[in-house]
Structures are given as structure tokens and as C-alpha cells.
Amino acid sequence: DPDLLTEIAAIDGVSVAEPHIDLGTSFLARERLATERLQVFATGTALHNFDPVGGLPGEGVVLSAGAAEALRVAVGDEIELRALDGTIGVVRVASVISESFRGTSYLSAEAWQALGGSAPRTVALGLDNRDDHRLVRDRVAAFPGVQQISDHVATAERAEELMAASRFFVGIILVLAVVMAIALIFNALSVTIGERETEVATLQANGVGRSWIRRAITAENLV
């Protein structure tokens, strides 16, 4: 509903509102299978940058590099699409996209409708300022008819927090490993010196200097 999209886009903090579909999909080609997330956007969408592949085409699927490799297909090949909502059809690979987050392929709303796909029931939003995502989320939640909200900015922030915590614990483990290694080396040297007190005393009695003895024992332990 264009009027509904206009009303949602008018919410304070929202820069753009577009119909959107995101669902699990299987692609099949030559008896090979690739399972992906399929995202459907309107051609000319402002919510995803398709410039590296020349934009989101009106026909054909923008296939992820991982799926293209798994299916062993290239641009121009035809593959079968089976979506979780029951949509089944044959689509041509319009382009292959390589992204940092893998496992997502894209189709235009026009191509999706040509397959007989269901109408979009979700709306994707762009924000004026990502830092205000919590305020915007609360405003959108209060909009009539909204049943569920997925805050991808909050998800990304949570993932970054978990990564930071992971890096912190890895750093602690590395420091403890270094400390333990130093302690083991020190203990080994102490035991070696203790076991060879008689030999060391004999060398000193024969005029061998302490520095030479230390170097000899250290070199022996390093080897």
C-alpha cells in the first residue's frame, strides 16, 4: 500500500520505507543445492548498494558468490528457486555478488512477482541517523498494525560487543599462557642449576667465571 509506506516514511527519524521480503530459499542446479537467505527489494532500492554488480536487475537473481560456487554456475545460467513460502520457479543468474556477510542472494520485486511470489508483508526502513535507532524503533512499534520489529543496528551492536568480549578473554588467555611459559622456563633452569651445584662448584674452583657458567647453562636449556 503506497499510502501506508508514505505514512511510515513520515515517522520522525525514518528516511525511507520500502516493501521487503526476507525468507529462506533453496537454489538447485545440476543436482547441486545451495541454501540461502533471499531478500527481495524494489528495483532502484535505496536500502542496499548494488553498484558493484550494476544495480538490482529487474529480471534474474543476484546470486551470492558462495551459492554460485556451490552450484558451479555463472552469469547467464538458469537455476531453480524454491522458497519457504512455496514459491517455485526457474530464474537466470543476472550477476554474482561477493559480500562480507555470506549466504544472501537478491531478487527484484518484479522478478519475484513474475514467479508468482507472495506480496510483501514487511517494510524495510532506512534511518536518518543510525545512532537514533532505538528511538525510531519505539516510534515504529507504536504505529498501528506493526506486529514485529527487527532492529539490525542493535543486532550489529550486540555482535560487536560479543566480539569485543571475546577479544578481551583471548587476550587474558594469551597473557596467562606467556606467564606460565616464563614460570616453566624459570622452574626448569632452577632445577637444572640445583642438580648441577657440584659441577658448578668444581668449575668455579678451577677459575671459570660465573658469567661463562650462566651462558653455558642457558644455552644448554635453550637447545
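A residue counts as partly exposed when its relative accessible area lies between 20% and 50%. With that cut-off in hand, this tour of a predicted model can begin at Arg-82.

Select Arg-82, whose relative accessible area of 40% makes it partly exposed. Add Glu-80, which is also partly exposed at 24%. The two form a salt bridge, with 2.8 Å between the closest N and O atoms. This pair belongs to a set of six salt bridges found in a search of the whole structure.

Next, select Arg-30 and Asp-77, whose side chains meet in a salt bridge at 3.5 Å, N to O. The partners lie 47 residues apart and link distant parts of the chain: Arg-30 sits in the loop between β1 and β2, Asp-77 in the loop between α2 and β4. Arg-30 is exposed, at 54% relative accessible area, whereas Asp-77 is partly exposed at 23%.

Proceed to Arg-167 and Glu-160, a salt bridge in which the closest N and O atoms are 3.0 Å apart. Arg-167 has a relative accessibility of 47% and is therefore partly exposed; Glu-160, at 44%, is likewise partly exposed.

Now turn to the interior and select Leu-63, Ile-79, Leu-81, Leu-107 and Trp-112, the residues with the most contacts inside the largest nonpolar core, which has 22 residues. Elements giving two or more residues to this core include β3 (61-64), β4 (78-83) and α3 (109-114). The largest share, four residues, comes from β1.

Finally, centre the view on Ile-79. Leaving aside residues up to four places away in sequence, Ile-79 touches several residues, among them Phe-27, Leu-63, Leu-71, Val-91 and Val-93.

Notes. Residues numbered from 1 in each chain as written. Predicted model: local features only at pLDDT ≥ 70, side-chain atom pairs only at ≥ 80, totals over all residues. Heavy atoms only, no water. Core = buried A, V, L, I, M, F, W, Y, C linked by side-chain atoms within 4.5 Å. Buried < 20%, exposed > 50% of the residue type's maximum accessible area, 1.4 Å probe, protein only. Contact = heavy atoms within 4.5 Å. Salt bridge = Lys/Arg side-chain N within 4 Å of Asp/Glu carboxyl O.
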